[in-house]
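Student: Could you zoom in on one part of this model for me, and then show how the rest fits around it? I'd like the cut-offs spelled out as you go.

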Amino acid sequence: MKQNFRFHLRSAFQASVVTLALAATPSLARADTDGLLTIIKMGDLHGHLEPHGVIYENNGLGNTVTPNSGGVAKLYTLISQIRAQTPGKNLLLNCGDTFHGGAEVLFTRGRAVDDIVNYFQIDAFTPGNWDFGYGQVTFRRRFTGIDSNGNPFPAGSVNGVAFPAGKVANYPVVAINLYNGPGSASSIVGQPVLPPYVIKQVNGMKIAVIGITTDITAVQADVFNTTFRETMGWVELPGIIDTVRNVEGADLVVVQSELGLAKNLQMSKEIPGIDVMLSTHTHERTPQAIIVPGTGTILVEGGTDSNLGRLDLKISGGHVQSYAWTLLNVDNTVPEDPTVKAMVDAVRAPFLCGPAFIPHTFQPAGFAPGNGLKLQTQPGDCLDTVVAQTNVTIARNNVLEVFANNFFADAMLNIAPNVADLAITNGYRFDGPVAPGPITVADLYRFFPISPVLAVGDLTGGAIKARVEENLSSVFDPHPYRQRGGWALAFSGMTLTADLTGAEPAAAGRDRTSNMMIRNHTTGLMETLNQGKVYTLISCFANGDPLDRLCQTEGVQNLRYVKADGTLIPATSLVPAGTQLMFPVPAIIKYLQANGGVVPTTSMGRIVAKGGVIPQSLFVGDPLIQATQGAGPAWLGRNDPALLPQDRGELMSLLHAKLQDPVGKIDDPATTDAGVDDVEMSYDE
């Protein structure tokens with residue numbers, strides 16, 4: 001008999017999403033502890049070893065910076081408390097960017113935090129996009145212990161950083177969507193790099209933890225992608241759920257995903273069988289859990305190291321009977337665990353002013369050994385050196401425009417004001433907010449924990465407009481699977497209006513910008529953008545990228561590196577030995593020094609939303625920064641809940657079979673442009 005089922009994707013998403021947060025439930029307070037499980041959720045640690053400033057918008061303080069918050073020692077204190085309260089009934093799960101995000105981890109390729117993370121006794125980990133940023137050898141040494149030829153790693157070093165033999169991580173690392181790609185040995189190309197899941201026995205139950213890593217490194221610097229291929233995991237996930245449910249006999253299915261909140265929400269709507277979705281990548285905080293329409297999946301995201309999530313569950317018969325989600329602030333009231341603090345102090349000592357300071361060099365692709373971004377024995381190079389004072393809060397906490405990114409773009413343009421017309425910086429999320437007062441070198445590296453050099457290049461006004469359009473589309477696309485993460489670009493020497501109203505279909509991805517003005521470096525005046533005119537851009541160049549690409553902008557000509565003294569040299573794939581180039585943090589320090597050690601006045605309103613309309617999240621009451629539904633006509637989205645028959649296991653088996661051997665039409669969200677077709681799948685039985 002031939003049957004059909006359809007996922008209808010044309011209806012507009014209704015804003016009737018149910019959100020629940022149970023401070024305590026009677027079932028969780030019972031003396032009978034059978035079926036109780038506590039998930040401790042951490043993610044997007046971003047290498048933040050020590051406490052720092054944090055903005056907690058969800059505690060009613062607005063943009064006030066809470067000092068002495070976050071950091072691994074405070075996190076461990078809260079984790080230890082929860083473990084003591086739930087002995088034998090908890091899991092510690094970590095997903096997202098962990099080994100990247102500050103100077104200590106940058107200059108050691110993440111080694112500064114390896115022993116600390118191992119000490120946490122994590123039950124399952126899934127990497128984030130920035131965990132790929134040190135290259136495939138570092139990634140494989142840390143997470144698999146097997147090289148791209150399929151051989152175990154001996155002890156050795158990566159660009160001067162020592163690694164032990166085998167796998168560094170002492171915890172399971174899982175991901176369903178990471179494969180060995182071109183550049184790997186032919187015998188393993190197409191094979192998974194990591195196991196798809198791990199089964200944990202907790203309190204007499206089988207808990208399946210499935211991992212989904214990033215899908216966006218293909219648009220990042222080439223170093224992120226060497227020997228790897230990633231998918232979104234949308235095709236693989238139903239079959240894995242079927243396996244853990246019906247073969248492994250899991251009582252609970254937990255997915256920890258680094259795809260970001262919008263994609264994770266949509267995937268949870270379309271694919272039944274996920275009990276809990278732990279979302280990371282977008283750094284959003286969900287003080288209340290989101291109960292996904294149609295499937296009932298419990299979805300949460302917990303910020304960065306500034307928060308720790310606690311999800312208490314009562315499980316019976318393979319179903320969640322009740323839950324309580326608590327988002328804990330890792331703030332200045334939380335003491336540091338003394339053991340972890342001692343470990344942090346030990347790894348940070350070589351970076352701080354004093355007799356223990358050691359010069360450090362990070363060697364990007366194309367640099368000769370010993371050359372690259374440096375922390376040397378010079379005044380101002382240690383992390384605790386105060387480089388300036390600020391009278392305003394410096395933070396990244398808005399999707400469209402923030403003071404911090406405008407300030408950093410100004411610093412870039414200041415390096416070559418008589419050559420470059422404009423500067424562009426990416427809309428990065430990572431930061432450590434700085435309150436009015438002193439700014440240290442460590443603060444700046446939390447904003448720019450990356451190693452591109454500054455470069456200038458020529459490109460047409462049409463290419464600039466296309467780059468801005470592409471960025472706005474990726475940030476505000478109404479189709480969640482096409483959102484890429486990150487916030488809007490920031491500019492110096494350019495202003496524009498962005499149409500985020502979604503009133504017209506053409507506004508959703510093709511023609512969002514208007515009133516674009518660009519600075520003429522010869523006159524210093526703003527002029528209307530001419531798509532046929534050639535302009536000069538200064539921005540970050542990711543070493544290893546093609547020489548016609550600058551800040552992910554294609555079609556650049558006459559690329560030139562900025563040397564440390566501000567002069568320009570032609571860009572080449574290999575940087576001449578001994579050549580000192582300009583990197584973002586030194587450029588910012590130079591800009592501050594030129595302004596007398598004070599953060600200069602920085603204009604806002606460089607990117608203005610048409611009519612003042614900036615899309616807000618559909619989840620009323622949750623202070624989300626980025627609208628998961630994007631901006632545009634509802635019919636361009638993909639927001640209908642999945643149909644949920646009584647027997648979820650049967651649907652999973654059927655869906656898995658059809659994905660392997662499709663008879664009808666399958667709308668693959670990773671490749672379909674429109675994303676509005678009905679998905680029709682047929683099966684025979």
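Tutor: Let's pin down one word before anything else: a residue is buried if its relative accessible area is under 20%, exposed if over 50% and partly exposed in between, using a 1.4 Å probe and protein chains only. Keep in mind that this is a predicted model, so local features need pLDDT of at least 70, side-chain atom pairs count only at pLDDT 80 or more, and totals for chains, interfaces and linings use all residues. Residues are numbered from 1 along each chain as its sequence is written, and side-chain values use heavy atoms, with hydrogens and water left out.

Of the 685 residues in the protein, 62% are buried. There are 13 helices and 36 strands (DSSP runs numbered from the N terminus: H or I with at least four residues for helices, E with at least two for strands).

The part I'd zoom in on is strand β25, residues 453-460. Seven of the eight residues in β25 are buried, so this strand is mostly covered. β25 has a partner in strand β30 (residues 534-541), and the two run antiparallel over eight bridges; strands count as paired when DSSP finds at least two bridges between them. β25 also pairs with strand β33 (residues 557-562), again in the antiparallel sense, over three bridges. Aspartate 458 shows up in both pairings: it sits opposite threonine 536 in β30 and opposite glutamine 557 in β33. As a general point, side chains in a regular strand alternate between the two faces of the sheet.

Now for the surroundings. Among contacts with a separation of 6 or more, 72% join residues 24 or more positions apart (a contact being heavy atoms within 4.5 Å).

One helix pair is worth a look too. The axes of α2 (residues 72-85) and α8 (residues 338-348) come within 8 Å and cross at roughly 160°. That makes α2 roughly antiparallel to α8, a label for angles over 145 degrees. Where they meet, Val72, Ala73 and Tyr76 in α2 touch Val340, Lys341 and Val344 in α8.

Finally, a loop residue: asparagine 225 lies between β12 (205-212) and β13 (228-230). Asparagine 225 counts as buried because its relative accessibility is 19%. Leaving aside residues up to four places away in sequence, asparagine 225 touches Thr217, Ala218 and Gln220.

Technical notes:
Axes fitted to C-alpha atoms, helices over the stretch in contact; angles between N-to-C directions. Parallel < 35°, antiparallel > 145°, perpendicular 65-115°, else oblique.
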